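Biologist: Could you take me closely through a single part of this model, the packing of one pair of helices, and set out with care the cut-offs behind each term you use?

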Amino acid sequence: TIQRRVAMGRLPIQHSPSVISLQSQKDQGGSEGSASGPDPKRKKICCACPETKRLRDECVVEHGEAACAKWIEAHIKCLRAEGFNV
């Protein structure tokens, strides 16, 4: 209860207009997911092209980067096809 909170040195928190305004923007989809933010449907680069990534990584570990140009290029081509600028 309020009397108990006051007695313990705690007052009920009151929302200022700025907090309410920010909360209502968030609830309405305000700046979250706007054009300046990342597209939530788009894959992250680390998760795109898992097959070519695995082949590239295995080759580099076993043979070194210089010997794996074809797998590196295949992975880059896949990433570009997914819309990444690499």
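What follows is a close reading of one helix pair and of some residues in and around the contact.

Modeller: The model is a predicted one, in which local features need pLDDT of at least 70 and side-chain atom pairs count only at pLDDT 80 or more, while totals for chains, interfaces and linings use all residues. Residues are numbered from 1 along each chain as its sequence is written, and side-chain values use heavy atoms, with hydrogens and water left out.

To set the scene, the protein chain has 4 helices and 0 strands, in the order α-α-α-α along the sequence, where helices (H or I, at least four residues) and strands (E, at least two) are DSSP runs numbered from the N terminus. Of its 86 residues, 9% count as buried, a term that stands for under 20% relative accessible area, with exposed meaning over 50% and partly exposed the range in between (1.4 Å probe, protein chains only). The chain exposes about 7,500 Å², of which carbon and sulfur atoms supply 56%; accessible areas come from the Shrake-Rupley method with a 1.4 Å probe, and for residues only the protein chains shown count as cover.

Now to the pair itself. Two packed helices are described by the angle between their axes and by the distance between the axes. Helix H3, residues 50-63, packs with helix H4, residues 69-81, at an angle of about 155°, and the axes are 9 Å apart; here the axes are lines fitted to C-alpha atoms, for helices over the stretch in contact, and angles run from 0 to 180 degrees between N-to-C directions. H3 and H4 are therefore roughly antiparallel to each other, given that angles under 35 degrees count as roughly parallel, over 145 as roughly antiparallel, 65 to 115 as roughly perpendicular and the rest as oblique. The crossing of H3 and H4 is left-handed, which is to say that the near helix is turned anticlockwise from the far one by less than a right angle, whereas clockwise would make a crossing right-handed.

On the side of H3, the residues that meet H4 are Thr-52, Lys-53, Leu-55, Arg-56, Cys-59 and Val-60, and their counterparts in H4 are Trp-71, Ile-72, Ala-74, His-75 and Cys-78, with contact meaning heavy atoms within 4.5 Å. The residues of this contact of H3 with H4 divide into 7 nonpolar, 2 polar and 2 charged, where Ala, Val, Leu, Ile, Met, Phe, Trp, Tyr, Cys and Pro count as nonpolar, Asp, Glu, Lys and Arg as charged, and the others, Gly among them, as polar.

Within H4, His-75 is buried, with a relative accessible area of 4%, and, not counting residues up to four places away in sequence, His-75 touches Ala-48, Cys-49, Thr-52, Lys-53 and Arg-56. Lys-53, placed in H3, is partly exposed at 26% relative accessibility and, with the residues up to four places away again left out, touches Cys-46 and His-75. The C-alpha atoms of Lys-53 and His-75 are separated by 6.0 Å, although the two residues are 22 apart along the chain.

Cys-49, listed above as a contact of His-75, lies in the loop between helix H2 (17-27) and H3, and is buried at a relative accessible area of 5%. Its phi is near 55°, a positive value in a residue other than glycine. Cys-49 and Ala-81 are 9.5 Å apart in space, C-alpha to C-alpha, and 32 residues apart in sequence; Ala-81 belongs to H4 and counts as exposed at 70% relative accessibility.

Also in H4 is Glu-73, partly exposed with a relative accessible area of 45%, whose C-alpha is 9.4 Å from that of Thr-52, a residue 21 places apart from Glu-73 in sequence. Glu-65, by contrast, is found in the loop between H3 and H4 and counts as exposed at 59% relative accessibility. Leaving aside its neighbours within four places in sequence, Glu-65 is in contact with Val-60 and Ile-72.
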